[in-house]
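I opened this entry to look up the ligand site first and the charged and aromatic pairs after that. The notes follow the order of looking.

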Amino acid sequence: MSKKIAIIGGSGVYDLFEGAETIMVKTPYGKVENASRIKISEKEIFFLPRHGPDHSMPPHLINYRANIYALHSLEVEEIYATNAVGSIHTKIHPGDFVVPDQLIDMTKNRPLTFFDGETEIVFKDGTSKRGVVHLDYTEPYTPKLRMRYLSLAKVSSRKVHDKGVLVCTEGPRFETPAEIKMFQSFGGTLVGMTSVPEAILAREVQIAYATLCLVTNYGAGMQEEVTHAEVIEIFNKKIQVVKSIMQKIIEEK
Ligand code: HPA
């Protein structure tokens with residue numbers, strides 16, 4: 001049987017499939033009302049626009065635990081996410097795609113885990129975890145999914161970077177130039193606001209996870225100013241490329 005997969009859309013990716021059925025999933029963290037489900041040749045695929053269908057949910061207020069718990073309860077095994085990001089590396093440019101391999105967490109105020117001492121997470125094979133859980137996070141993004149993204153993205157675009165160190169900030173403001181310089185000195189190459197805790201929570205419930213990042217701007221201080229309108233403009237220009245990559249992921253499953 002093919003794996004159940006989910007696509008989590010970031011800024012600019014709100015509707016991927018025509019004819020998808022909207023579903024409501026109750027979780028211990030609240031209801032998830034934006035998910036949709038579609039069956040394509042007997043495969044079940046879920047779609048979740050992270051910011052809501054009308055981008056009403058800012059990065060720091062997204063209910064990441066509800067979203068990932070919902071996908072866990074739907075027995076999703078692989079999540080293909082997309083993120084709009086800024087480049088903080090001089091060789092990565094707006095319009096480029098990057099499949100990051102590393103993550104630096106600079107968020108400040110988000111629940112980062114399901115393992116708060118009380119919650120028990122039950123896995124598909126019947127085993128469960130609760131209490132104090134320290135997970136290995138050497139590979140924050142699942143290599144197999146990263147490779148799939150890379151091979152498909154390289155067919156659709158000439159500007160795809162194999163690796164990237166994504167610095168996740170709290171937002172919703174963009175960064176200061178001094179913060180960008182600090183992130184560069186840490187080895188960061190991209191900056192975004194939503195990979196944490198999404199990628200971490202997926203790992204906790206044993207869902208494979210990778211993200212396809214579209215660079216929409218240079219980081220603060222590397223260009224005159226950073227605006228959300230610019231992020232959306234670049235994403236809209238590239239949306240057909242993103243959709244065609246997602247389509248291939250679905251077709252191959
Ligand atoms: N910073 C943080 N998040 C972002 C950026 C940025 O420059 N561009 C798109 N998302």
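**Ligand site**

I began with the polar contacts of the ligand: a polar side-chain atom of Asn217 lies 2.7 Å from a ligand nitrogen atom. For Glu175, I noted an N or O atom of the side chain at 2.8 Å from a nitrogen atom of the ligand. At Gly86 the partner is a polar backbone atom, 3.3 Å from a ligand nitrogen. I then looked up the cover: of the 260 Å² of accessible area that the ligand has on its own, the protein covers 95%. I keep in mind that this is a predicted model.

Next I listed the residues around the ligand, which are Ala84, Val85, Gly86, Phe174, Glu175, Val191, Gly192, Met193, Thr216, Asn217 and Val231. Sorted by class, this shell has six nonpolar, four polar and one charged residues. Which strands each supply at least two residues of the shell? I found β7 (78-87), β14 (190-192) and β15 (208-218). The most comes from β7, with three residues.

**Salt bridges**

I counted 11 salt bridges in the structure.

I looked at Glu21 and Arg37 first; they form a salt bridge with the closest N and O atoms 3.4 Å apart. Glu21 sits in strand β2 (residues 21-22) and Arg37 in strand β5 (residues 36-40), so the pair links distant parts of the chain, 16 residues apart. Glu21 is partly exposed at 43% relative accessibility, and Arg37 is partly exposed at 24%. Both residues also belong to a network of salt bridges that links Lys4, Glu21, Arg37 and Glu44.

The side chains of Glu198 and Arg50 meet in a salt bridge at 2.8 Å, N to O. Glu198 lies in helix α4 (residues 195-204) and Arg50 in the loop between β6 (43-49) and α1 (64-73), so this pair ties together parts that are 148 residues apart in sequence. Are the two partners buried or exposed? Glu198 has a relative accessible area of 2% and is buried; Arg50, at 3%, is buried as well. I checked the cut-off, since buried means under 20% relative accessible area.

I also recorded a salt bridge between Arg173 and Glu179, with 2.9 Å between the closest N and O atoms. Arg173 is partly exposed, its relative accessible area being 45%.

**Aromatic pairs**

My last search covered the whole structure and gave five aromatic pairs. I noted one cluster, in which ring pairs link Tyr29, Tyr69 and Phe114.

Methods. Residues numbered from 1 in each chain as written. Predicted model: local features only at pLDDT ≥ 70, side-chain atom pairs only at ≥ 80, totals over all residues. Heavy atoms only, no water. Near = heavy atom within 4 Å. Polar contact = N/O pair within 3.5 Å; in protein donor to acceptor, adjacent residues only side chain to side chain. Areas by Shrake-Rupley, 256 points an atom, 1.4 Å probe, with all protein chains shown as cover. Helix = DSSP H or I, 4+ residues; strand = E, 2+ residues; numbered from the N terminus. Nonpolar A, V, L, I, M, F, W, Y, C, P; charged D, E, K, R; others polar. Phe/Tyr/Trp six-rings, centres within 6.5 Å; stacked < 30°, edge-to-face > 60°. Salt bridge = Lys/Arg side-chain N within 4 Å of Asp/Glu carboxyl O. Buried < 20%, exposed > 50% of the residue type's maximum accessible area, 1.4 Å probe, protein only.
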